[in-house]
Amino acid sequence: MSAEALATENDAPAQTGDRMQGARIILKALAEQGVDVVFGYPGGAVLPIYDEIFKQNRIRHILVRHEQGAVHAAEGYARSTGKVGCVLVTSGPGATNAVTGLTDALMDSIPVICLTGQVPTHLIGNDAFQEADTIGITRPCTKHNYLVRDVEQLASTLHEAFYVARSGRPGPVVVDLPKDVVMAEGTYNQAPHGLQHKHKTYRPRFLPDAGAVEAAVKLMAGAKKPVFYTGGGVINGGPRAVAALRELVRLTGFPITSTLMGLGAYPADDQQWLGMVGMHGMYESNLAMHDCDVMINIGARFDDRVTGNLNFFSPGSKKIHVDIDPSSVNKNVIVDIPVIGDAANVLEEMLKVWKARKYQADQTALKGWWRQIEEWRGKNCLRFDQRGKIIKPQYAIQRLFDLTKDQETYITTEVGQHQMWAAQFYRFNEPNRWMTSGGLGTMGYGLPAAIGTQIAHPDALVCDIAGEASILMNIQELSTAVQYRLPVKVFILNNQYMGMVRQWQELLHGGRYSESYTDSLPDFVKLAEAFGCVGLRVGDPAKVDETIKEMVSIKRPVIVDVLVDQKENCYPMIPSGKPHNQMILGPDDRAGGNAISGDGLALV
Amino acid sequence: MAKSAKTDQEPSANLYEGSIPVARLKDKDIYRHVLAAIVDNEAGVLARVVGLFSGRGYNIENLTVSEVDRDKQLSRINLVTSGTRQVVEQIKAQLNRLVPVHTVHDLTDDGPSVARELALVKVAGVGEKRVEALRIGDIFRANVVDSTTKSFVFEVVGNTEKVDAFIELMKPLGLVEVSRTGVAAIARGADGIEG
Ligand SMILES: Cc1cc2nc3c(=O)[nH]c(=O)nc-3n(C[C@H](O)[C@H](O)[C@H](O)COP(=O)(O)OP(=O)(O)OC[C@H]3O[C@@H](n4cnc5c(N)ncnc54)[C@H](O)[C@@H]3O)c2cc1C
Ligand SMILES: Cc1ncc(C[n+]2csc(CCOP(=O)(O)OP(=O)(O)O)c2C)c(N)n1
Ligand SMILES: [Mg+2]
């Protein structure tokens, strides 16, 4: 039989009761779960699985250059599609290299399945070659993990792992696979129908309590200074949640802000959109959060980047909190009306109640509230001066947005000032277009995430807005991009500093820039070329547009080294330990009591 | 010091009867709670629970785990913890979120319950002290489960305070060693908790 014919035969779905080797069970289960691509890296413990990958065509394997990259790529894939991302790594170092990615996915609620090789069961605990206690190591950085000790449990464990990863609050799940289990012959089982209702313990609540929704909508209808505070949970809620949110916001006429993780759920071009909230969020968003009388949190977790000093957080408001995870409720901020359920269901129920009760927002009060908000908007908190011969980083992103907004564009980022400027200046009108590491803040996330995103959206423009320090943390993945002809773009805002660190040193440590300047940076243009990519450089503000256009026109991976102002700081900013209404608007703004003092110094 | 939690609910000024009143959650006093979790009896489940407490900095005063239903492969974890009401609610929610956890019960908030532990207490001494130890053992209804001419092992059963008190009294009388089971707790009344 030809290899082609063999593969075709191997691609047929498996039935319950079919006997086959463990490795094949794995591939059949992945296929049944809808996996079309696996990001991975081979090694001794997973060789039988790789052999099986070789013998089929159904599932595509993307060979990354570092296991951390595999997990971030799967995250990018998952976040940009709403599907579960899938990773395969070997035992020992393969598994430990994946840990940062798993932690990242846990913090940002991204559904990922990570299959890890393991030494054979009889060697577990013997300090065998490339043995690591993967279950022990990944227990605190996964939503759940499994060690499969018996090939007869393999198929059902994998199905359950997918169910856990994607249901309720999504997250990463590790399945540890001893080599003897993978090589043994066993029985295939198809996924049981309706696992949602049948799983013996894990049954997250999807439909909200009707009384809670009624109470919430009633509170909203009586509000005089309301604000929607939305987050990543709306993105997790999928297209239905996004559609219902948009309808509800327009129906009520209330202003809306979002966390870093929720950008795109509500269109940034809309008048009711205030911009991002939080430490580097918009002045008007933060003031609205501080002064509101009713806060409607949909799928956000009152993160410290958003609340600032909890003692002063939105002191006069009644709070509604919609979340699928009861442990998010009353964790940081005590709320008046918790609504447990999936954002899509809750928002649809809220719409129904609002309409059925014929509620009307208090137009007079709302008008006054909007007038106040317009006044805050008038501060124009994102203003910057593009003067002289040096490119301002904000300007570069503004131009990138203007020149790419009319096509299907996905933006990923690394971590630092460039990430915040991207959040402020790239305007998202659709969900799932923005992939960033929010909770863990992982430098090195952006490039592999862009690769995973590009795999899922081969014809779209995928661009990693990067810093010169962050990009070096997973630069090896350029080689992956080249291998699979993925035309990802890396747009480096090169300030030669770990800018975010430098900014804090300026504000907190008397301008002692300890180890935040990067000496001996590589020549990024030559680096790109060495990898087989295209390298571009721009230092003249007048040439920014043409460089971006050139970047977009090249159907190959491109690095653009944008030489930007080294001294620019990211504003506005709520200094650590300060309340929302003491935001600093810029370097000359002393109104907020610029200096971070007292307890704020100890915060991160 | 941990207060023993009040079981009566404060009058609720809340906007929705299904929610915990804000004032109750804002109470900064520390309360001791006895929790019971029914969990799958599988490898690693205890590590998940303990890891949760250490990872999130929760207080754990006492923990026992034991199989309670062999057919269904269920274990029961009894936990004594203390914290503000907000923290205790958070602990329950976090426990509930673990995949192998079936149910979590707050034996302190959900109504009256009894809690017992057993301690084996070794006391060595002769003469007056030995007699006094026996006498106190009697008062505490402790059984002598081992004795030599120079020592006793008492088996004492009761709530934590009683066991603590017994051990305290044994200190001047030649306390050598203590081994405690930790707390087993159960709700009063005819109803059982389901897995
Ligand atoms: C350098 C840096 C600076 C930052 N500055 C800011 C800043 O200024 N502003 C800012 O906002 N963030 C900022 N962040 C990000 C911040 O750290 C947090 O990651 C972010 O605020 C959390 O977003 P979220 O509240 O939307 O929660 P997520 O982490 O997205 O969590 C989602 C919440 O929704 C719930 N949920 C999940 N699925 C559903 C569903 N289907 N239905 C209902 N609920 C669901 C989850 O249980 C969870 O509570 C910064 C990060 C970095 C690295
Ligand atoms: C893996 C990792 N290590 C350290 C940090 C701390 N950190 C946050 S931002 C930053 C500097 C990032 O520099 P760069 O990528 O050049 O971005 P810039 O702030 O200059 O835009 C550092 C070191 C981190 N977030 N992640
Ligand atoms: Mg930099």
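This report walks through a sheet, the helices that pack on it, and one helix pair in a predicted model.

## The sheet

Let's start with the strands. Chain A has an open sheet of 6 strands, and reading across it you meet β16-β15-β17-β18-β20-β19, with parallel pairing. At the edges sit β16 (434-435) and β19 (534-538) of chain A, each of which pairs on one side only.

For a look at one pairing, take β15 (residues 409-413) and β17 (residues 461-467) of chain A: these two run in the parallel sense and share 5 bridges. If you want a spot to click on, I411(A) has C463(A) in β17(A) as its bridge partner.

## Helices on the sheet

Helix α19 (residues 417-425) of chain A packs on this sheet, where it touches β15, β16, β17 and β18 (489-494) of chain A. The direction of α19 makes about 135 degrees with that of β17(A).

Helix α24 (residues 524-531) of chain A packs on the sheet too, touching β18, β19 and β20 (558-563) of chain A. Its direction makes about 170 degrees with that of β19(A).

## A helix pair

Now for α4 (residues 67-81) and α6 (residues 99-107) of chain A. Their axes come within 7 Å and cross at roughly 25 degrees, so α4(A) is roughly parallel to α6(A), given that angles under 35 degrees count that way.

Who does the touching? On the α4(A) side you'll find Q68(A), V71(A), H72(A) and E75(A), and α6(A) brings T100(A), G101(A), L102(A), D104(A) and A105(A). By type, the residues of this contact come out as 3 nonpolar, 4 polar and 2 charged.

Definitions and conventions: Residues are numbered from 1 along each chain as its sequence is written. Chains are lettered from A and ligands numbered from 1 in the order in which they are written. This is a predicted model: local features need pLDDT of at least 70, side-chain atom pairs count only at pLDDT 80 or more; totals for chains, interfaces and linings use all residues. Side-chain values use heavy atoms; hydrogens and water are left out. Two strands pair if DSSP finds at least two bridges between them. Helices (H or I, at least four residues) and strands (E, at least two) are DSSP runs, numbered from the N terminus. Contact means heavy atoms within 4.5 Å. Axes are lines fitted to C-alpha atoms, for helices over the stretch in contact, and angles run from 0 to 180 degrees between N-to-C directions. Angles under 35 degrees count as roughly parallel, over 145 as roughly antiparallel, 65 to 115 as roughly perpendicular and the rest as oblique. Ala, Val, Leu, Ile, Met, Phe, Trp, Tyr, Cys and Pro count as nonpolar, Asp, Glu, Lys and Arg as charged, and the others, Gly among them, as polar.
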